[in-house]
Amino acid sequence: MTIFTKITNREIPADIVYEDDLCLAFRDVNPQAPTHVLLIPKKPLVSLDSFAEEDSALAAHLLLKVPKIAADLGLSNGYRTVINTGEEGGQTVFHLHIHILGGRNLDWPPG
């Protein structure tokens, strides 16, 4: 069980900014921008590589929630989304999550 599953199960507190039946969004405890939120599916998928055909509606749901959450957070001038996949991709928690970052100009390349 990952820390994100524990957050979903309310075993660990988090600053939740959005929740519905399929997903949960909360502020990152180690923000890399003034606004840094993680959007996770409640289904414990490890990474993008874990999506199966039967998860296509969940994948669409997550992507469609990103602009709504960004707007709710006041990111009207733009934001960045990041999905790290695997150790070499920078994934440190092995529960699929979408980073939503904003609140300042974000440089490229990111790292």
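Student: Which element supplies the largest share of the lining of the largest pocket?
Tutor: Happy to help: this is a predicted model, where local features need pLDDT of at least 70, side-chain atom pairs count only at pLDDT 80 or more, and totals for chains, interfaces and linings use all residues. Numbering starts from 1 along each chain as its sequence is written, and side-chain values use heavy atoms, leaving out hydrogens and water. A pocket here is an open set of points on a 1 Å grid over the protein atoms alone, where a 1.4 Å probe fits, with protein on both sides within 12 Å along at least five of seven lines; lining residues have an atom within 4 Å of a point. The largest share, 3 residues, comes from helix 1.

Student: Where does helix 2 kink?
Tutor: Helix 2 (a DSSP run of H or I, at least four residues, numbered from the N terminus) covers residues 56-72. Shortly before the proline Pro67 there is a kink of about 25 degrees (the angle between axes fitted to the seven residues ending and the seven starting at a residue), and that kink lies at Val66.

Student: Which residue follows helix 2 with a positive phi?
Tutor: Helix 2 has 17 residues. The residue following helix 2 has a phi near 80 degrees, and its name is Gly74.

Student: What is the bridge partner of Ile16 in strand 2?
Tutor: Strand 1 and strand 2 (strands are DSSP E runs of at least two residues) run antiparallel, joined by 3 bridges. They form a hairpin with 3 residues between them. In strand 2, the partner of Ile16 is Phe26.

Definitions and conventions
Expected span 1.5 Å × (residues − 1). Pairing = 2+ DSSP bridges.
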